[in-house]
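Here is a short briefing to read alongside the model. Have the viewer open, and let us start in the middle of a sheet.

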Amino acid sequence: MSSDQLLVTLDRASAVPLQQQLCDQISSSVRAGRLRPGDPVPPSRELAHQLGVSRTVVTRAYELLRANGVLTSRRGSGTRVSAAPAGTPPVPRAARTHLRPEPPLPTDAGSPLWKPWEPAPMHRPDGTYDFRHGTPALASFPVSRWRQSLADAVSRADAVALGYGPAEGAPSLRTQITALLRRSRALDARRENTVVTSGATQAMDILVRLLVGPGDVVVIEDPSHTVLRQIFGYSRAAVVPVPVDEEGLRVDEIDCRVRAHGLDPARVRLVYVTPSHQFPTGFIMSDRRRRALLRWARDHAATVLEDDYHNEFTFAEERLPSLAADPQDADVVYVGSFSKTLFPSLRIGYAVLPPHLVRSFLGVKWITDRLTPTVTQEALAEFISSGAYARHIGRMDRLYRQRRARLLEALYEHFGAGVRISGTAAGLHVLVTLGGAPDVDEAEIVRAAAARGVRVYPASGYFVDQPPTEPTFLIGYAALPTARITEGVALLAAAVRDVTAR
């Protein structure tokens, strides 16, 4: 149905004149809220053609509706529903509810795994210092160069490119992704094993559907992202958190943690890790732990899900290759995305799969979304192949290093030896613990900081077991210029003083 059509059904056998039927149905649509103030109605000639009646029937009906205050006409804007139709009660606005998934089983309702995820970022006034984590420097993205890539993709698009593409993604983009992974992650990914997805989240969702079922176990890092925990919670498998330390996931504790939940380690089907930059601690998994995890997964016939979170921005002198680069006979699925390197609304991610998972993975993807938008994939492939992507990453690396250094300097300047910071070796945020104030509530600091125009984000909600006993925050720095980082940290320190002085 086109935007000029109107759902009207006329009964030509009725004794009621056609123009009156038309009046009644439009009035009824207005009262029911199907037509709302300001909505256009079709021009009389087009509606007459749609209904198969003379134009006179429609024009007389419109005249009657205008006389009754239901419609209004203005030169240049056509005929529309009046701002306040006579005799029409206002349409009640739906209550604004924030929908969130509910636990799939009633017994899960009390589980700390089911804490609500963090709220979506809100538009903030210019004066706010927002230290939100996970937000790249979007103001520095080369929009004009990206526009060229889009224009190039559209100009080359033929009937095939505009139709339904392959579920696995555009061959050109998959080729570019595998080349990137060979260079930056030592991962010799084959194009036929690489699938383009709508972000990393979709890849994880599909894997859960494929690999785990009732009675199975999924092992996750603790702490970890709340949205991630809920994705796995919907699998109807048991989700078991295992602690991390400075070397990453405590592999030697997997068996005992699983047994502590009354479960059999032999039922572990999936182990989720973020080895390049653990979320939210920022720890990098040591080589020793990586080897131990791969041995454990091989011995238990479990699949390792490697979320290569923030791998592009690593500030350590030595970079370790991906787990999937040398799986040691274990099944490792490598997942990444372009949300942080380019921009989140791009919604393009990818998964590198063991050969035996490719066909079933594509089957699920095909029935859920068919394909990630093809023309956008072609634009991204051009953006990478032209060198624009590498130049952008280089610029962002230099920018983030400057902003990271300024943040660390400011934190130590204002909080001194009492502050503990982890995650400085990679990523776009650091985890900051304000030592010496164990009795101060994180929420109090958040409120005091907000009163001074500073937005900070508590970390306690990311922990399932043993949350921090001292105020701990995720402090993102990528989107803030250095001057505003300096000012924002000073205001945060003042807010903390306000709270501790009470």
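**A sheet and its strands**

Strand β10 (residues 331–337) is joined to β11 by four bridges, and the two run antiparallel. This is a predicted model, in which local features need pLDDT of at least 70, side-chain atom pairs count only at pLDDT 80 or more, and totals for chains, interfaces and linings use all residues. Residues are numbered from 1 along each chain as its sequence is written, and side-chain values use heavy atoms, leaving out hydrogens and water.

**Around β11**
- Across the β10 pairing, valine 335 stands opposite alanine 351 in β11.
- Four bridges also join β4 to β11, again running antiparallel, with valine 196 opposite tyrosine 350 in β11.
- From β11 (residues 349–352), Gly349 and Ala351 point one way while Tyr350 and Val352 point the other, and all are buried (under 20% relative accessible area, 1.4 Å probe, protein chains only).
- In a regular strand, side chains alternate between the two faces of the sheet.

**The sheet as a whole**
- The sheet is open, with eight strands in the order β4-β11-β10-β9-β8-β5-β6-β7 and mixed pairing; two strands pair if DSSP finds at least two bridges between them.
- Its edge strands, β4 (194–197) and β7 (248–249), each pair on one side only.
- Strands β8 (residues 268–273) and β9 (residues 303–307) pair in the parallel sense over four bridges, and tyrosine 272 stands opposite leucine 305 in β9.

**The chain**
- The protein chain has 15 helices and 16 strands, taken as DSSP runs numbered from the N terminus (helices H or I, at least four residues; strands E, at least two).
- Buried residues make up 50% of its 502 residues.
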